[in-house]
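Trainee: Got a minute to go through this model with me? I'd like to start with a sheet and then jump around a bit.

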Amino acid sequence: MKTSESETLVVGGGIAGCAAALAADRAGGDVVLATKATRPEETNSYWAQGGVAVTRSDPETFREDIIEAGAGACDPAAVETLVREARPAVDDVLVETLGVPFDTNGEGFDYGREAAHSESRILHVDAATGAAILPRFLEHLREETAVTVREDTAALDLITHEGRVHGALLERDGDVSAHFAGGTVLATGGIGAAYDRTTNPDAATGDGIAMGALAGADVADMEYVQFHPTAFAGEEENGTFLLSEAVRGKGAVLRNGDGERFMPDVHSDGSLAPRDVVARAVATERAETGEVRLDVSEVAFESSFPGLAKRCRDRGVDPAEGIPVAPAEHFCCGGLAVDMDGRTSLDRLFAAGECARTGVHGANRLASTSLLEGLVVGRRAGRGAVGTSPERVEVSEPRDSDPDLPARFATEKGDRLRRTMTEHVGIERTSDGLRRAATSIRRLKGEVDAYTRTRTSRELYELRNATVTALLVVRAATENDESRGCHYLADTEVQYAD
């Protein structure tokens, strides 16, 4: 097997991975960033619309908003760190280093407001903030730092020995090599590939969570899978896309199939209630009245959100007539259990971004805190992953002795996984549904494992990762009989009390 090494290995090319690589480079580390993406569009961060929440003049209110949205399940110390470092991290990296052209209003930054925020504090670029940040970030790493960026390179497994992580097996163009590192940072994004309707790209197969869990790292809060309430609900072949909460922050409202505004009867904050509340209400109204539309008649939609307006028109929808919306899987609040320095329970393994559980998001992530958390924790993890020389250990090369996968094997198994998760582990869950999901996914995992033992392919390992991650979600949901935030059990009387 071919081998390589670096002081620090970062797996993942979204904002958390880029932040970790930048911080490690600034700390003098020899850094390799491996990403299976070939374009920024293949990362979750690229599709972040709303923006980056920052601390303004009232940090206490920001802390309170995060904790309230998280339904009391947040780690207050983690929230304190995020709020304290929000502005310095954004100013240093996004404003001064990358020169991200955040929208202004003639008097300074044009701060937006989204659901569950008590004030306008969100820096944004139209409704395409991730698209404005990520290409700049990757270009800066390539052109202005010593970081080696390896695109189209997937991590298949972590290299471990006696509870310590020594790097990862990397695959590119079918060739597998062992990359040894003193510190390894996982920043692989979300788990959307486990659900039928998701705002995530196809590459969001839960790789980091699955690899870390299979290596023995602790995971936490996997039951808290957030569904965004306003994803485009057109024909399936057109695909879905996110309609940012910033649209509702500007004054758009939700109406059901009868043309009625229903959110004021559900929550005092109306259409700007926490995401879990709005998502369940939208799902209910779609079931009872046939559809839900986002009414943008009171918003300068075409001028304020030109990108979203174009995407609607491209799909034959006139925004003036209301935009059909439905909930879609959006963000995993759980993941590999880490502290705010990104340290996992395994020595020399770090994680940041959506694949990590810091405790910031609790049971329901506050809007526009994901890019912020990826930036803050990514920087801290990158610094922590520097300073240890790589150690080479014995590595077993993945077997590839059997013929290629049967035709459509991965596609059909993936479809089965998505049907199961969507039906039983979605916005509303039942104890019986979770048991059915556990049985189905365990059986599916056995079928997939039978092939991974003798075949090596990126497609197969992604399917394995999505299956492992889905099983972690089901197990956590089964073990938690309290409805809280994103984890809502329709058949239990045990509810979170505010």
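**A small tour of the model**

Mentor: Sure. Keep in mind that this is a predicted model. There's an open sheet of 3 strands in the order 9-14-16, and its pairing is mixed.

Trainee: Which strands stand at the edges?

Mentor: Strand 9 (219-220) and strand 16 (356-357). Each has a single partner strand, so one side of each has no neighbour in the sheet.

Trainee: And how do strand 9 and strand 14 run, parallel or antiparallel?

Mentor: Antiparallel, with 2 bridges joining strand 9 to strand 14 (residues 335-337). For one of the residues involved, look at Val-219, whose bridge partner in strand 14 is Leu-336.

Trainee: What packs on that sheet?

Mentor: Helix 5 does, touching strand 9 and strand 14. The direction of helix 5 makes about 45° with that of strand 14.

Trainee: OK, what about Asn-200? Where is that?

Mentor: Asn-200 is in the loop between strand 8 (175-186) and helix 5 (207-215).

Trainee: Buried or exposed?

Mentor: Buried, because its relative accessibility is 10% and the cut-off for buried is under 20%.

Trainee: What does its side chain reach?

Mentor: The backbone nitrogen of Gly-192, at 3.1 Å. There's also a polar contact of 3.5 Å between the side chains of Asn-200 and Asn-44. Leaving aside neighbours within four places in sequence, Asn-200 is in contact with residues including Ile-191, Glu-329 and His-330.

Trainee: Switching to aromatics: how many pairs are there?

Mentor: The count comes to 7 aromatic pairs. Take Tyr-195 and Phe-227: their ring centres are 5.5 Å apart and their planes stand at 90°, so this pair is edge-to-face.

Trainee: Where do those two sit in the chain?

Mentor: In distant parts, 32 residues apart. Tyr-195 is in the loop between strand 8 and helix 5, while Phe-227 is in strand 10 (residues 225-232). Tyr-195 and Phe-227 are both buried.

Trainee: Which pair is tilted?

Mentor: Phe-301 and Phe-305 form a tilted one, at 5.9 Å centre to centre with 35° between the planes. Both of these Phe residues are buried too.

Trainee: Which residues form an aromatic cluster?

Mentor: Phe-102, Phe-109 and Tyr-111 form one. Tyr-111 also has the charged end of Arg-56 sitting over its ring, 3.8 Å from the centre.

Trainee: And what lies over the face of Phe-331?

Mentor: That's Arg-365, at 4.3 Å from the ring centre.

Methods:
Residues numbered from 1 in each chain as written. Predicted model: local features only at pLDDT ≥ 70, side-chain atom pairs only at ≥ 80, totals over all residues. Heavy atoms only, no water. Helix = DSSP H or I, 4+ residues; strand = E, 2+ residues; numbered from the N terminus. Buried < 20%, exposed > 50% of the residue type's maximum accessible area, 1.4 Å probe, protein only. Polar contact = N/O pair within 3.5 Å; in protein donor to acceptor, adjacent residues only side chain to side chain. Contact = heavy atoms within 4.5 Å. Pairing = 2+ DSSP bridges. Axes fitted to C-alpha atoms, helices over the stretch in contact; angles between N-to-C directions. Phe/Tyr/Trp six-rings, centres within 6.5 Å; stacked < 30°, edge-to-face > 60°. Lys NZ or Arg CZ within 6 Å of the ring centre and 35° of its normal.
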